[in-house]
Amino acid sequence: MLGHYLILSGIIFSLGLIGVMTSRNVLKVLLSLELLLAASNLSFVSFSKFNGDYAGQLIVFFVILVAAAEVAIGLAIIVVMYRRLSTIQADELKEMKW
């Protein structure tokens, strides 16, 4: 049963990795990063259940907290980027001036 969860986690992680590497839209990159975190959370919870220990579920709680902070900061960056450049394409980041 553990193998099924790990295979699903690997599939989700690879989809997120492909999304981060190929996407030009910043929102898609953030969503792909969330897929990466969800895959790691699934692995932690499945190992925690398999071992009968709650340490993995505690780690997942902190990963969810960090993910919430990441989304808040990422969306703030996207709003600033859209106000300055009127686009949210990742290629346009190199054109931002201080």
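**Close-ups of three helices in a predicted model**

**View 1. K49, out in the open.** K49 is exposed, with a relative accessible area of 68%; anything over 50% counts as exposed, so K49 makes the cut. This is a predicted model, so keep that in mind for each view here. The helix that holds K49 is α2. Look for L2 as well: K49 and L2 are 47 residues apart along the chain, yet their C-alpha atoms are separated by 8.9 Å.

**View 2. Helix α1 from end to end.** Helix α1 covers residues 2-22, which makes 21 residues. At 1.5 Å a residue, a helix like that should span 30 Å, and the C-alpha atoms at its two ends are indeed 30 Å apart, so the two figures agree.

**View 3. The two faces of α1.** Which residues of α1 are buried? They are L2, S9, G16 and G19. These residues take up an arc of only 120° around the axis, so they sit on the same side of α1. Now check the face turned away from that buried side: here you'll find the exposed residues H4, I7, L15, I18, M21 and T22. As for what covers the buried residues of α1, the answer includes α2, which runs over residues 26-51.

**View 4. Where α1 meets α2.** The axes of α1 and α2 are 8 Å apart, and the two helices pack at an angle of about 165°. An angle over 145 degrees counts as roughly antiparallel, and that is therefore how α1 and α2 lie to each other. Where α1 passes α2, the crossing is left-handed. On the α1 side, the residues making the contact include L2, Y5, L6, L8, S9 and I12, along with F13, G16, L17, G19 and V20. On the α2 side, look for V29, S32, L33, L35, L36 and A39, among others, and further along for S40, L42, S43, S46, F47 and F50. L2, S9, G16 and G19 may ring a bell, since they are the buried residues of α1.

**View 5. Helix α3 and what follows it.** Helix α3 takes in residues 55-85, 31 residues in total. From first C-alpha to last, α3 reaches 44 Å, close to the 45 Å expected at 1.5 Å a residue. Its buried residues are G56, V60, V63, A67, G74, I78 and M81. What covers the buried residues of α3 includes α2, just as α2 is part of what covers those of α1. After α3 comes S86, with a positive phi near 60°.

How values were computed. Residues are numbered from 1 along each chain as its sequence is written. This is a predicted model: local features need pLDDT of at least 70, side-chain atom pairs count only at pLDDT 80 or more; totals for chains, interfaces and linings use all residues. Side-chain values use heavy atoms; hydrogens and water are left out. Helices (H or I, at least four residues) and strands (E, at least two) are DSSP runs, numbered from the N terminus. The expected span of a helix is 1.5 Å times one less than its number of residues. Buried means under 20% relative accessible area, exposed over 50%, partly exposed in between (1.4 Å probe, protein chains only). The arc is that of the directions from the helix axis to the C-beta atoms. Contact means heavy atoms within 4.5 Å. Axes are lines fitted to C-alpha atoms, for helices over the stretch in contact, and angles run from 0 to 180 degrees between N-to-C directions. Angles under 35 degrees count as roughly parallel, over 145 as roughly antiparallel, 65 to 115 as roughly perpendicular and the rest as oblique. A crossing is left-handed if the near helix is turned anticlockwise from the far one by less than a right angle, and right-handed if clockwise.
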